[in-house]
Amino acid sequence: MAASGRGLARAWGASRCPTWRQAHSEAGGHPKPEYDAVVIGAGHNGLVAAAYLQRLGVNTAVFERRHVIGGAAVTEEIIPGFKFSRASYLLSLLRPQIYTDLELKKHGLRLHLRNPYSFTPMLEEGAGGNVPRSLLLGTDMVQNQKQIAQFSQKDAQAFPRYEKFMNRLVSAIDPLLDAAPVDTAAFQHGSMLQRLKSLSTLKPLLKAGRTLGAQLPQYYQVFTAPIAKVLDQWFESEPLKATLATDAVIGAMMSPRTPGSGYVLLHHVMGGLEGTQGAWGYVQGGMGALSEAIARSAVAHGASIFTEKAVAKVQVSGEGRARGVVLQDGQEVRSRAVLSSASPQITFLKLAPQEWLPEGFTESIAQLDTQSPVTKINVAVDRLPSFLAAPNTPSGQPLPHHQCSVHLNCEDTLLLHQAFEDATNGLPSHRPMIELCIPSSLDPTLAPPGCHVISLFTQYTPYTLAGGKVWDEQERNAYADKVLDCIEAYAPGFKGSVVGRDILTPPDLEEIFGLPGGNIFHCAMSLDQLYFARPVPLHSSYRCPLQGLYLCGSGAHPGGGVMGAAGRNAAHVVIRDLKSEGR
């Protein structure tokens with residue numbers, strides 16, 4: 001059984017020749033000595049930036065240190081025959097215009113929308129010989145109300161109003177995602193012309209205020225209060241509140257009782273797929289297929305993408321301008337602009353020469369909150385889990401709840417808070433919060449016939465363990481065993497179905513994918529690290545103190561998730577700057 005995050009099989013994308021690579025026309029796959037723009041890292045944001053730059057005539061090259069593109073949006077065949085979305089595993093947040101502009105369907109992107117989308121089984125004795133209760137939510141509001149009414153008639157009536165309230169907030173915030181934040185640096189230090197131009201960055205913010213109108217104080221509370229407080233004002237049943245609260249804490253080292261956890265919930269509900277607001281789905285072929293579609297779009301317009309080409313440092317001219325990169329093998333590649341989809345920490349503390357960056361700036365980058373609670377476990381099974389609350393049929397075929405995000409240990413917000421408290425004491429959660437997804441329930445190409453791939457997104461696990469312990473094989477396996485024991489309680493026989501597993505603790509996520517502290521957002525999505533404070537105040541417009549260097553990854557506005565907005569927005573800023581410089 002594969003039990004570690006290290007030393008596993010090479011990527012699925014590397015075991016065949018991807019179509020983006022087949023379309024790549026560079027002789028011998030060697031970089032040219034000069035491009036208009038260089039992108040560091042072939043994560044989805046880096047690929048999006050490259051595709052937009054190339055479409056608009058900026059000759060662009062992307063350099064990726066791994067043997068496979070996609071960053072965290074990658075498909076890897078870790079266990080023979082089983083293809084896993086090894087890190088990110090669901091799609092919803094990708095900006096709608098990116099699908100259209102980059103013609104992703106033309107380039108092979110296929111989606112499986114989930115309906116229903118959320119399943120929370122109870123760990124309880126069924127009354128009168130019945131199966132335990134469960135909460136199944138989907139796009140049908142009437143059916144959702146019937147499900148919620150099992151726990152509270154009052155909540156069933158309140159749920160449509162809650163959805164309407166949140167959707168209005170989403171509609172107000174949505175335009176802010178597709179534009180650079182208010183340029184506070186230009187307001188403070190720019191010329192009169194720069195100050196006038198920066199006024200346009202206020203428009204999305206003013207529009208958001210108008211949309212929210214007189215309800216702005218209530219919406220302000222969603223941003224600043226603990227999500228538990230917000231949900232308590234709407235609902236009384238714990239299974240519903242805990243299910244909704246998972247979106248407020250997933251990927252974040254915070255509890256439902258942590259102030260500001262409401263924004264993380266908003267971040268996870270503001271997406272949609274194929275015109276359905278809030279919908280989440282699986283990518284045919286795994287998340288790596290999304291990255292390949294973006295890469296094919298970029299290459300079709302002439303971009304060059306190189307794997308196993310790590311960037312060692314950003315080159316700087318004598319005038320203090322980024323003028324290219326030096327690769328790990330010593331090759332120098334000149335460019336007029338350098339975009340980094342790596343984390344702010346890697347970009348500014350490892351790749352950019354420190355002497356060209358203000359001391360206060362690098363200190364702020366070093367102090368970014370990167371705490372992560374996540375351990376991702378990828379599991380190969382020889383049959384579907386059969387939950388006590390929703391037993392399988394004799395045929396063993398997938399049922400509607402198998403396509404959902406299955407929330408385990410989520411019957412009560414107190415359970416989530418207790419799991420968080422364990423981690424604050426340096427201990428893996430005694431009863432971890434588990435989001436279980438089975439993409440092969442809708443996409444059978446991911447596993448051998450009758451078998452399935454299962455994604456377990458679990459928290460809370462601290463980066464540094466108490467008592468001087470480290471995340472060695474023993475600790476990894478002990479935690480994974482605990483997670484499987486929890487699943488076994490809801491779905492007896494699950495442990496016996498496991499044929500292999502891949503355990504990625506926070507240090508593994510950092511080492512393999514370059515996620516600082518294992519943080520899937522590059523740095524925390526807390527209010528002090530958002531909008532014009534992302535990554536740090538006065539440096540949120542994708543431009544950096546080093547002229548010609550731009551940040552285009554999840555550490556830039558609007559943050560993490562497979563959204564692509566940072567890459568798209570940064571590309572437009574670069575294009576404007578190159579035009580203004582007459583390049």
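## A walk through sheets, loops and a cavity

In β4, Phe82 is the bridge partner of Ile79. That pair is a handy place to start a tour of this structure, which is a predicted model. Three bridges join β3 to β4, and the two strands run antiparallel. Together β3 and β4 make a hairpin with two residues between them, and Gly81 in the turn has a positive phi of about 90 degrees. Strand β3, covering residues 75–79, is mostly covered, with four of its five residues buried.

### Just after the hairpin

Follow the chain onward and you come to Arg95, in the loop between β4 (82–85) and α4 (96–101). Is Arg95 buried or exposed? Arg95 counts as buried because its relative accessibility is 4%, and the cut-off for buried is under 20%. Leaving aside neighbours within four places in sequence, Arg95 is in contact with Asp174, Leu177, Asp178, Met270, Met563 and Ala565. One of these partners, Ala565, belongs to helix α21, which spans residues 565–580.

### The parallel sheet

Now to a sheet of five strands. It is open, with parallel pairing and the order β11-β2-β1-β15-β21. At the edges sit β11 (304–306) and β21 (549–551), each of which pairs on one side only. On average, neighbouring strands of this sheet are turned by 20 degrees against each other, direction ignored. Within the sheet, β1 (residues 37–40) and β15 (residues 337–340) run parallel and are joined by four bridges. One residue pair to look up here is Ala37 with its bridge partner Ala337 in β15. Helix α3 (residues 44–55) packs on this sheet and touches β1, β2 (60–63), β11 and β15. The direction of α3 makes about 165 degrees with that of β2.

Between β1 and α3 there is a loop, and Ala42 has its place in it. Ala42 has 0% relative accessibility, so it counts as buried. Which residues does Ala42 touch, not counting those up to four places away in sequence? The list is Leu47, Val62, Phe63, Glu64, Ile69, Gly70, Gly71 and Ser341. Two of these, Val62 and Phe63, fall within β2 (60–63). Gly70 is 28 residues from Ala42 along the chain, yet their C-alpha atoms are separated by 5.6 Å.

### The antiparallel sheet

A further open sheet has three strands in the order β12-β13-β14, with antiparallel pairing. Its edge strands are β12 (311–316) and β14 (332–334), and each pairs on one side only. From one strand to the next, the twist averages 25 degrees. Strand β13 (residues 322–327) is joined to β14 by three bridges, and the two run antiparallel. Here Gly324 has Arg334 in β14 as its bridge partner.

### Loop residues with backbone angles to check

Four loop positions are gathered here, with a cis peptide bond or a positive phi in each row.

| Residue | Loop | Backbone angle |
|---|---|---|
| Pro116 | between β5 (111–113) and β6 (118–121) | cis bond from Asn115, omega near 5 degrees |
| Pro558 | between β21 and α21 (565–580) | cis bond from His557, omega near 5 degrees |
| Asn409 | between β17 (405–408) and α17 (413–424) | phi near 60 degrees |
| His522 | between α20 (506–513) and β21 | phi near 75 degrees |

The phi of Asn409 is a positive value in a residue other than glycine, and so is that of His522. Are they buried or exposed? Asn409 counts as buried because its relative accessibility is 3%. His522 is buried too, with a relative accessible area of 9%.

### A cavity beside the edge strand β21

Finally, the interior spaces. There are four cavities of 30 Å³ or more. The second largest has a volume of about 40 Å³. What lines it? The lining consists of Phe348, Phe361, Pro535, His539, Tyr542, Arg543, Cys544, Leu551 and Ala556. By class, these residues divide into seven nonpolar, one polar and one charged. Leu551, one of the lining residues, is part of β21 (549–551), so the edge strand of the parallel sheet contributes to this lining.

Definitions and conventions:
Residues are numbered from 1 along each chain as its sequence is written. This is a predicted model: local features need pLDDT of at least 70, side-chain atom pairs count only at pLDDT 80 or more; totals for chains, interfaces and linings use all residues. Side-chain values use heavy atoms; hydrogens and water are left out. On a 1 Å grid over the protein atoms alone, a cavity is a set of points where a 1.4 Å probe fits but cannot get out, and a pocket is an open set with protein on both sides within 12 Å along at least five of seven lines; lining residues have an atom within 4 Å of a point. Grid points are joined across faces, edges and corners, and a volume is the space filled by probe spheres set on the points. Ala, Val, Leu, Ile, Met, Phe, Trp, Tyr, Cys and Pro count as nonpolar, Asp, Glu, Lys and Arg as charged, and the others, Gly among them, as polar. Two strands pair if DSSP finds at least two bridges between them. Axes are lines fitted to C-alpha atoms, for helices over the stretch in contact, and angles run from 0 to 180 degrees between N-to-C directions. Buried means under 20% relative accessible area, exposed over 50%, partly exposed in between (1.4 Å probe, protein chains only). Contact means heavy atoms within 4.5 Å.
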